[in-house]
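I opened this entry to record what I looked up in the model, one topic at a time. The notes follow the order in which I checked things.

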Amino acid sequence: MNKKILSYLLLVPSVAGVTVFWVIPFARLLVSSFYQSQSGSFCGSYNYREVLSSQSFRLAAVNTIKFMAFSIPIMLAVSLAAAVLLSEKTFLNLWLKEGIILPLVLPATAVPILCTVLFDRNGFVNLYLKCRIDWINADTAFGILLFIYAWKYIGIYLLIWLSGIANVPLELRDAAYLDGAGRWKYVWNILLPNLKQVGFICFMFLFINSFKVFREIYLITGNYPNQKIYMLQHIFNNWFADFSMDKMSAGAVLSAGAILLCLFIAYILLYGRKIADRIFLRSKKER
């Protein structure tokens, strides 16, 4: 059998799964966003206007964008720095890896317990500072959310970076050290250029997961947290409780469009030059 035909046949199960579980439901969601959920009548762009004019939706969108702007660079930098430092196989590094990865496997109920122990009015932070501040309901709520999110999920990105570092040939490191390059020059000039694809994967996961920061906040504060940590998932959850399916459909389409657009822009920024070079070389060969 032709290898090209075989490769297409091997893609059939994945394409079928994506089509059945993603493409068809999203197409149905897109169609339903132009109809009223109660009467079933066509309403055009009315649902989209309602969503965009909603003060709650604008607040949730701004908070989500703000969370992405802070969490993605912090998580990328911290997880990469930790991966580079812990890439050596020493006894201490193994223990540190387990300590960073451990929160990832803990149940979600560990998050409110941690917040209660640390940031409650009678928690360790207030005990140390000798004050009585409700940190999670004050202006510090956004910083607390960043801390909880990083503590819980930084382990998965550490593992992704470590897998990328493990695939960098050791010969490159040995040759760099023999040529007199120090640790910093090796990391900056050799290691990081070989981790671009891994970095894009981490960025993609972080970007998508930033839209899903809900469970931890919900377990701590319920449906209506502090305004600084009121995210898109909160408003979708509240719309679902109110049976506002038309608003949910329009909001989901807007959110999905924003995600796809940002991922496309990020992909073009990272690989646009390579794609343009390939197109130029192909056109040159055809001539």
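Second largest pocket. I started with the lining by class: eight nonpolar, one polar and five charged residues. The space in this second largest pocket comes to about 280 Å³. I then looked up which of its 14 lining residues sit closest to the centre, and found Ser87, Ile165, Ala166, Leu170 and Arg173. For the elements behind the lining, I noted helix 7 (141-166), helix 8 (170-178) and helix 9 (183-191), each of which supplies at least two residues.

Confidence. The model is predicted, and I checked its scores before going further. The mean pLDDT of the protein chain is 81, and 93% of the residues reach at least 70. By element, I found the lowest mean pLDDT, 75, in helix 8, and the highest, 88, in helix 3 (residues 55-86). Helix 8 is also one of the helices I had just listed for the second largest pocket. I keep in mind that predicted coordinates should not be read in detail where pLDDT is low.

Overall layout. I counted secondary structure next and got 13 helices and zero strands in the protein chain. Read from the N terminus, the order of elements is therefore α-α-α-α-α-α-α-α-α-α-α-α-α. I also took the extent of the C-alpha trace, which is about 70 × 70 × 30 Å along the principal axes.

Largest pocket. How much space lies in the largest pocket? I read off about 850 Å³. It is lined by 22 residues, and I wrote down those nearest its centre: Trp22, Phe26, Ala252, Ala256 and Ile259. Helix 1, helix 12 (232-241) and helix 13 (245-286) each give at least two residues to this lining. Which helix gives the most to it? I found helix 13, with nine residues. By class, I have 17 nonpolar, four polar and one charged residues in the lining of the largest pocket.

Surface patch. I looked for nonpolar surface and noted a patch of about 680 Å². Val18, Val20, Phe21, Trp22, Val23 and Ile24 make this patch. I placed Ile24 in helix 1, which covers residues 3-32. Trp22 thus appears twice in my notes, once in the patch and once among the residues nearest the centre of the largest pocket.

Cavity. I checked for enclosed space last. How many cavities of 30 Å³ or more are there? I counted one. The volume of the largest cavity is about 40 Å³. I listed its lining as Ile136, Ile144, Leu145, Ile148, Glu216, Ile217, Ile220, Thr221 and Ile229. Helix 7 and helix 11 (215-221) each supply at least two residues of that lining, and I noted that the largest share, four residues, comes from helix 11. By class, the lining of the largest cavity divides into seven nonpolar, one polar and one charged residues. I add that helix 7 had come up earlier, in the lining of the second largest pocket.

Note on methods: Residues are numbered from 1 along each chain as its sequence is written. This is a predicted model: local features need pLDDT of at least 70, side-chain atom pairs count only at pLDDT 80 or more; totals for chains, interfaces and linings use all residues. Side-chain values use heavy atoms; hydrogens and water are left out. Patches are made of residues with over 30% relative accessible area and no salt bridge: like charges are joined within 9 Å, nonpolar side chains (Val, Leu, Ile, Met, Phe, Trp, Tyr) within 5 Å. Accessible areas come from the Shrake-Rupley method with a 1.4 Å probe; for residues, only the protein chains shown count as cover. A salt bridge is a side-chain nitrogen of Lys or Arg within 4 Å of a carboxyl oxygen of Asp or Glu. On a 1 Å grid over the protein atoms alone, a cavity is a set of points where a 1.4 Å probe fits but cannot get out, and a pocket is an open set with protein on both sides within 12 Å along at least five of seven lines; lining residues have an atom within 4 Å of a point. Grid points are joined across faces, edges and corners, and a volume is the space filled by probe spheres set on the points. Ala, Val, Leu, Ile, Met, Phe, Trp, Tyr, Cys and Pro count as nonpolar, Asp, Glu, Lys and Arg as charged, and the others, Gly among them, as polar. pLDDT is the predictor's confidence in each residue, from 0 to 100.
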